[in-house]
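Got your viewer open? Let's take a walk through this protein, one selection at a time.

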Amino acid sequence: MNQSRLAPVTVITSPDATFRLWLQRRADKDVMAITCGFSLTGRMSFVDALDKLDYVSVESARTIDEDLSFIKLHITVDSAAFRLIEDIPEIMEHHLK
């Protein structure tokens, strides 16, 4: 197996392991998908906080069931994926309870 290949997703978990996100590597230059292992119902402040970041905007957010949601982001700068990986844990801590 080639060790230099990048993983197709980055997994981010809240400190208490209650909430988990999968950030998919960008398949498209301007779009990134986040899969959430929880419902966004009652947690839209998390989506709003993502939308307030200056390097992404939320295109859509939808809940499938109590254990699965999707967020589609429009990327405005090339370094957005790295910045999201750094910023999301703090956003999760403040908005997911």
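Two strands count as paired if DSSP finds at least two bridges between them. Keep that in mind, and remember that what you have on screen is a predicted model.

**Stop 1: the whole chain**

Start with a cartoon view. You should find two helices and five strands. Follow the chain from the N terminus and the elements come in the order β-β-β-α-β-β-α. The protein has 97 residues, and 30% of them count as buried. Now switch on the surface: its accessible area is about 6,200 Å², with 50% of that belonging to carbon and sulfur atoms. Contacts also reach across the sequence: among those between residues at least 6 apart, 50% join residues at least 24 apart.

**Stop 2: the strands**

Select β3 (31-36) and see who sits beside it. How many bridges join β3 to β5? There are six, and the two strands run antiparallel. For one example, pick V31 and look for its bridge partner in β5, which is H74. Next, bring in β2 (20-24). The pairing of β2 with β3 is antiparallel too, over three bridges. Click on L21 and you'll find C36 of β3 standing opposite.

**Stop 3: T35**

Stay in strand β3 and select T35. Is T35 buried or exposed? T35 has a relative accessible area of 12%, and the cut-off for buried is under 20%, so T35 counts as buried. Show side chains here: that of T35 makes a polar contact with the side chain of Q24, at 3.4 Å. Leaving out residues up to four places away in sequence, T35 also touches several others, including W22, L68 and F70.

**Stop 4: the loop with S14**

Move to the loop between β1 (9-13) and β2, and select S14. Loop or not, S14 counts as buried, because its relative accessibility is 7%. Its side chain reaches the backbone nitrogen of T18 at 3.2 Å. Setting aside residues up to four places away in sequence, S14 touches F19 and M92. Hold on to M92, as this residue takes us to the next stop.

**Stop 5: helix α2**

Select residues 80-95, which make up α2. Where does this helix bend? Look at D87: the bend there is about 35°, and a proline, P89, follows within four residues. Now color the buried residues of α2, which are A80, L84, I88, I91 and M92. Look at how they are spaced. An α-helix has 3.6 residues a turn, so residues three or four places apart point the same way. Turn the other elements back on to see what covers these buried residues: the cover includes β1, β2, β3, α1 (44-51), β4 (56-65) and β5 (68-75).

**Stop 6: the core**

Finish inside. The largest nonpolar core has 25 residues, and those with the most contacts within it are L21, I34, F46, L50, I71, L84 and I88. Elements giving two or more residues to this core are β2, β3, α1, β5 and α2. Which element supplies the largest share? That would be α2, with five residues.

For a last click, choose F46. Not counting residues up to four places away in sequence, F46 touches L21, L40, I71, I91, M92, H95 and L96. You've met some of these already: L21 faced C36 back among the strands, while I91 and M92 are among the buried residues of α2.

Notes
Residues numbered from 1 in each chain as written. Predicted model: local features only at pLDDT ≥ 70, side-chain atom pairs only at ≥ 80, totals over all residues. Heavy atoms only, no water. Buried < 20%, exposed > 50% of the residue type's maximum accessible area, 1.4 Å probe, protein only. Contact = heavy atoms within 4.5 Å. Areas by Shrake-Rupley, 256 points an atom, 1.4 Å probe, with all protein chains shown as cover. Polar contact = N/O pair within 3.5 Å; in protein donor to acceptor, adjacent residues only side chain to side chain. Bend = angle between axes of the 7 residues up to and from the residue. Core = buried A, V, L, I, M, F, W, Y, C linked by side-chain atoms within 4.5 Å.
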